[in-house]
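Biologist: I am new to this structure. Could we go through it together, beginning with one residue and then widening the view?

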Amino acid sequence: MSPTSIPPTARTAVFPGSFDPLTNGHVDIIERGSRLFHRVVVAVAINAEKTPLFSVDERVSMIREIFRDHPMVEVDTFKGLLVEYAKQQGATALIRGLRAVSDFEYEFQMALMNRRLNHDLETVFLMPDEKYTYTSSRLIKEVFMLGGEVSGLVPPTVEQRLRNKQASLRNPMAGTRKA
Ligand code: ADP
(Lines give C-alpha, C1' and ligand atoms only; values in the text may rest on other atoms or scores of the structure.)
Protein backbone atom coordinates (compact mmCIF):
# COMPACT_ATOMS: atom_id res chain seq x y z
CA MET A 1 0.00 0.00 0.00
CA SER A 2 1.43 3.39 -0.91
CA PRO A 3 1.49 6.01 1.87
CA THR A 4 -1.11 8.11 0.01
CA SER A 5 -3.63 5.25 0.03
CA ILE A 6 -3.47 4.81 3.80
CA PRO A 7 -6.82 5.94 5.18
CA PRO A 8 -6.58 9.01 7.41
CA THR A 9 -7.61 7.09 10.53
CA ALA A 10 -7.46 9.27 13.62
CA ARG A 11 -5.03 7.87 16.16
CA THR A 12 -6.03 8.06 19.80
CA ALA A 13 -3.79 7.63 22.83
CA VAL A 14 -4.81 7.42 26.48
CA PHE A 15 -2.60 9.10 29.10
CA PRO A 16 -3.65 7.57 32.43
CA GLY A 17 -2.63 8.72 35.88
CA SER A 18 -3.62 10.12 39.24
CA PHE A 19 -2.76 13.76 38.38
CA ASP A 20 -3.11 14.80 42.03
CA PRO A 21 -2.40 17.50 40.95
CA LEU A 22 -1.36 17.98 37.32
CA THR A 23 2.22 19.27 37.11
CA ASN A 24 4.18 20.91 34.31
CA GLY A 25 5.82 17.50 33.79
CA HIS A 26 2.40 16.07 32.89
CA VAL A 27 1.65 19.11 30.69
CA ASP A 28 4.94 18.56 28.85
CA ILE A 29 4.07 14.89 28.19
CA ILE A 30 0.53 15.75 27.02
CA GLU A 31 1.91 18.36 24.60
CA ARG A 32 4.46 15.88 23.22
CA GLY A 33 1.73 13.23 22.92
CA SER A 34 -0.60 15.56 21.06
CA ARG A 35 2.11 16.11 18.43
CA LEU A 36 2.17 12.33 17.82
CA PHE A 37 -1.55 11.47 18.06
CA HIS A 38 -4.70 13.11 16.72
CA ARG A 39 -6.51 12.72 20.02
CA VAL A 40 -5.08 12.37 23.54
CA VAL A 41 -7.43 11.33 26.33
CA VAL A 42 -6.09 12.31 29.75
CA ALA A 43 -7.70 9.66 31.96
CA VAL A 44 -7.88 10.37 35.69
CA ALA A 45 -7.90 7.10 37.61
CA ILE A 46 -10.67 6.65 40.15
CA ASN A 47 -8.81 4.72 42.80
CA ALA A 48 -10.72 4.21 46.03
CA GLU A 49 -7.61 3.02 47.89
CA LYS A 50 -5.71 6.28 47.67
CA THR A 51 -6.41 9.37 49.75
CA PRO A 52 -5.95 12.19 47.26
CA LEU A 53 -5.56 15.88 48.04
CA PHE A 54 -7.92 16.85 45.20
CA SER A 55 -11.16 15.03 44.38
CA VAL A 56 -11.47 13.42 40.97
CA ASP A 57 -13.88 16.21 39.93
CA GLU A 58 -11.41 18.89 41.03
CA ARG A 59 -8.61 17.20 39.09
CA VAL A 60 -10.72 16.84 35.94
CA SER A 61 -11.82 20.46 36.17
CA MET A 62 -8.27 21.82 36.49
CA ILE A 63 -6.95 19.72 33.59
CA ARG A 64 -9.92 20.81 31.40
CA GLU A 65 -9.23 24.44 32.23
CA ILE A 66 -5.55 24.10 31.27
CA PHE A 67 -6.32 22.38 27.94
CA ARG A 68 -9.51 24.24 27.05
CA ASP A 69 -7.86 25.65 23.88
CA HIS A 70 -6.58 22.22 22.78
CA PRO A 71 -9.48 20.37 21.14
CA MET A 72 -7.33 17.27 20.58
CA VAL A 73 -6.88 16.87 24.35
CA GLU A 74 -9.86 15.36 26.17
CA VAL A 75 -10.18 14.76 29.89
CA ASP A 76 -12.07 11.84 31.35
CA THR A 77 -12.10 9.45 34.33
CA PHE A 78 -11.80 5.68 34.40
CA LYS A 79 -11.90 2.82 36.82
CA GLY A 80 -11.19 -0.84 36.41
CA LEU A 81 -8.89 -2.31 33.79
CA LEU A 82 -7.03 0.34 31.84
CA VAL A 83 -6.83 -1.84 28.71
CA GLU A 84 -10.63 -2.13 28.67
CA TYR A 85 -11.01 1.62 29.02
CA ALA A 86 -8.47 2.20 26.22
CA LYS A 87 -10.44 -0.16 23.97
CA GLN A 88 -13.68 1.73 24.65
CA GLN A 89 -11.88 4.92 23.63
CA GLY A 90 -10.64 3.32 20.40
CA ALA A 91 -7.04 3.98 21.50
CA THR A 92 -4.06 2.36 19.81
CA ALA A 93 -1.60 3.46 22.49
CA LEU A 94 -1.08 4.31 26.12
CA ILE A 95 1.22 7.21 26.92
CA ARG A 96 3.40 7.13 30.03
CA GLY A 97 6.10 9.54 31.11
CA LEU A 98 9.61 8.38 32.01
CA ARG A 99 11.56 10.68 34.26
CA ALA A 100 14.43 8.57 35.48
CA VAL A 101 15.67 5.01 35.83
CA SER A 102 13.62 4.81 39.04
CA ASP A 103 10.40 4.97 36.97
CA PHE A 104 11.58 2.25 34.63
CA GLU A 105 11.01 -0.97 36.54
CA TYR A 106 7.40 -0.29 37.50
CA GLU A 107 6.55 1.14 34.08
CA PHE A 108 8.19 -1.82 32.31
CA GLN A 109 6.13 -4.31 34.35
CA MET A 110 2.91 -2.37 33.72
CA ALA A 111 3.60 -2.11 29.99
CA LEU A 112 4.28 -5.83 29.64
CA MET A 113 1.21 -6.76 31.69
CA ASN A 114 -0.96 -4.43 29.59
CA ARG A 115 0.50 -5.94 26.42
CA ARG A 116 -0.37 -9.40 27.72
CA LEU A 117 -3.92 -8.22 28.32
CA ASN A 118 -4.22 -6.54 24.92
CA HIS A 119 -1.63 -7.23 22.20
CA ASP A 120 -2.94 -4.46 19.99
CA LEU A 121 -2.29 -1.69 22.49
CA GLU A 122 1.22 -0.21 22.55
CA THR A 123 2.70 1.70 25.48
CA VAL A 124 4.61 4.76 24.31
CA PHE A 125 7.11 6.29 26.75
CA LEU A 126 7.87 9.97 26.44
CA MET A 127 10.56 11.88 28.30
CA PRO A 128 9.80 15.35 29.61
CA ASP A 129 12.06 18.35 29.30
CA GLU A 130 14.93 17.73 31.70
CA LYS A 131 13.79 20.60 33.93
CA TYR A 132 10.79 18.47 34.95
CA THR A 133 12.60 15.19 35.58
CA TYR A 134 12.50 15.67 39.36
CA THR A 135 8.88 16.92 39.46
CA SER A 136 6.25 14.62 40.88
CA SER A 137 2.74 15.34 42.20
CA ARG A 138 3.75 13.87 45.56
CA LEU A 139 6.78 16.14 45.94
CA ILE A 140 4.81 19.21 44.78
CA LYS A 141 2.16 18.57 47.46
CA GLU A 142 4.76 18.03 50.18
CA VAL A 143 6.81 21.11 49.31
CA PHE A 144 3.76 23.35 48.88
CA MET A 145 2.08 22.28 52.11
CA LEU A 146 5.33 22.99 53.98
CA GLY A 147 5.39 26.52 52.54
CA GLY A 148 7.87 25.98 49.69
CA GLU A 149 7.78 27.65 46.28
CA VAL A 150 6.36 25.56 43.40
CA SER A 151 5.74 28.20 40.73
CA GLY A 152 7.16 27.13 37.39
CA LEU A 153 6.63 23.48 38.29
CA VAL A 154 2.81 23.53 38.06
CA PRO A 155 0.45 25.60 35.88
CA PRO A 156 -0.71 28.86 37.55
CA THR A 157 -4.28 27.55 38.02
CA VAL A 158 -2.93 24.50 39.89
CA GLU A 159 -0.85 26.77 42.12
CA GLN A 160 -3.97 28.83 42.89
CA ARG A 161 -5.99 25.70 43.68
CA LEU A 162 -3.20 24.45 45.96
CA ARG A 163 -3.41 27.77 47.79
CA ASN A 164 -7.20 27.47 48.12
CA LYS A 165 -6.88 23.87 49.29
CA GLN A 166 -4.31 24.83 51.89
CA ALA A 167 -6.61 27.59 53.16
CA SER A 168 -9.62 25.26 53.35
CA LEU A 169 -7.59 22.59 55.18
CA ARG A 170 -6.38 25.18 57.69
CA ASN A 171 -9.86 26.62 58.16
CA PRO A 172 -12.42 23.94 57.24
CA MET A 173 -15.33 26.25 58.25
CA ALA A 174 -14.34 28.96 55.75
CA GLY A 175 -17.05 29.45 53.17
CA THR A 176 -19.69 27.55 55.16
CA ARG A 177 -22.67 29.53 56.40
CA LYS A 178 -24.36 29.34 59.75
CA ALA A 179 -27.91 27.93 59.53
P1 ADP B 1 0.40 7.37 38.55
O2 ADP B 1 -0.28 7.27 39.89
O3 ADP B 1 -0.21 6.56 37.46
O4 ADP B 1 1.91 7.25 38.58
P5 ADP B 1 0.88 10.15 38.07
O6 ADP B 1 -0.09 11.26 37.95
O7 ADP B 1 1.85 10.24 39.19
O8 ADP B 1 0.04 8.85 38.14
O9 ADP B 1 1.66 9.97 36.72
C10 ADP B 1 1.00 9.75 35.50
C11 ADP B 1 2.06 9.57 34.42
O12 ADP B 1 2.78 10.78 34.29
C13 ADP B 1 3.10 8.50 34.73
O14 ADP B 1 3.46 7.88 33.51
C15 ADP B 1 4.26 9.27 35.28
O16 ADP B 1 5.48 8.59 35.04
C17 ADP B 1 4.16 10.52 34.43
N18 ADP B 1 4.77 11.67 35.09
C19 ADP B 1 4.54 12.15 36.32
N20 ADP B 1 5.31 13.24 36.57
C21 ADP B 1 6.04 13.43 35.45
C22 ADP B 1 7.06 14.36 35.07
N23 ADP B 1 7.50 15.30 35.88
N24 ADP B 1 7.59 14.24 33.84
C25 ADP B 1 7.18 13.27 33.02
N26 ADP B 1 6.26 12.34 33.29
C27 ADP B 1 5.69 12.43 34.50
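**Asp103 and its surroundings**

Modeller: Asp103 is buried, with a relative accessible area of 13%; buried means under 20% relative accessible area, exposed over 50%, and partly exposed in between, with a 1.4 Å probe and protein chains only. This is a predicted model, in which local features need pLDDT of at least 70, side-chain atom pairs count only at pLDDT 80 or more, and totals for chains, interfaces and linings use all residues. Residues are numbered from 1 along each chain as its sequence is written, and side-chain values use heavy atoms, with hydrogens and water left out.

Biologist: Where is the place of Asp103?

Modeller: Asp103 is in helix α4. Helices (H or I, at least four residues) and strands (E, at least two) are DSSP runs, numbered from the N terminus.

Biologist: Which residues does Asp103 touch, not counting those up to four places away in sequence?

Modeller: Asp103 touches Gly97 and Leu98, where contact means heavy atoms within 4.5 Å. In addition, a polar atom of the Asp103 side chain lies 2.8 Å from the backbone nitrogen of Arg99. A polar contact is a pair of N or O atoms within 3.5 Å; within protein, one must be able to donate a hydrogen and the other to accept it, and residues adjacent in sequence count only if both atoms are side-chain atoms.

Biologist: Let us turn to the ligand. How many residues surround the ligand, and which are the closest?

Modeller: The ligand is surrounded by 16 residues, and the closest are Ser18, Phe19, Gly97, Tyr132 and Thr135. A residue is near a molecule or strand if one of its heavy atoms lies within 4 Å of it. A backbone N or O atom of Gly97 is 2.8 Å from an oxygen atom of the ligand, and a backbone N or O atom of Phe19 is 2.9 Å from an oxygen atom of the ligand.

Biologist: And which polar backbone atom is 2.8 Å from a nitrogen atom of the ligand?

Modeller: That backbone atom belongs to Thr135.

Biologist: What about charged pairs: how many salt bridges are there?

Modeller: The count comes to 12 salt bridges, each a side-chain nitrogen of Lys or Arg within 4 Å of a carboxyl oxygen of Asp or Glu. One of them joins Arg96 and Glu107, at 2.8 Å from N to O. Arg96 is in strand β4 and Glu107 in helix α4, 11 residues apart.

Biologist: Are Arg96 and Glu107 buried or exposed?

Modeller: Arg96 counts as buried, at 18% relative accessibility, and Glu107 counts as buried at 7%.

Biologist: Which parts of the chain does the salt bridge between Lys165 and Glu58 tie together?

Modeller: Lys165 and Glu58 meet through their side chains at 3.1 Å, N to O. Lys165 lies in helix α6 (residues 156–170) and Glu58 in helix α2, so the pair ties together parts that are 107 residues apart in sequence. Lys165 is buried, with a relative accessible area of 14%, whereas Glu58 is partly exposed at 29% relative accessibility.

Biologist: Which residues are linked in a network of salt bridges?

Modeller: Asp20, Arg59 and Lys141 are linked in such a network.

Biologist: Now the interior. How many residues has the largest nonpolar core?

Modeller: The largest nonpolar core has 20 residues; those with the most contacts inside it include Phe15, Phe19, Ile30 and Ile95. A nonpolar core is a set of buried Ala, Val, Leu, Ile, Met, Phe, Trp, Tyr and Cys residues joined through side-chain atoms within 4.5 Å. The elements giving two or more residues to this core are β1 (12–17), α1 (24–36), β2 (39–45), α2 (56–66), β3 (73–78) and β4 (93–97). Apart from it lies another core, of 11 residues, among them Val14, Val83, Ala91 and Leu121.

Biologist: How many aromatic pairs are there?

Modeller: There are 3 aromatic pairs. Rings of Phe, Tyr and Trp (its six-membered ring) pair if their centres lie within 6.5 Å; planes under 30 degrees apart count as stacked, over 60 as edge-to-face and the rest as tilted. The rings of Phe104 and Phe108 have centres 5.1 Å apart and planes at 20°, so this pair is stacked. Phe104 and Phe108 are 4 residues apart in helix α4 (residues 101–117), about one helical turn.

Biologist: Finally, how many helices and strands has the protein chain?

Modeller: The protein chain has 6 helices and 5 strands, and from the N terminus its elements run β-α-β-α-β-α-β-α-β-α-α. Of its 179 residues, 41% are buried.
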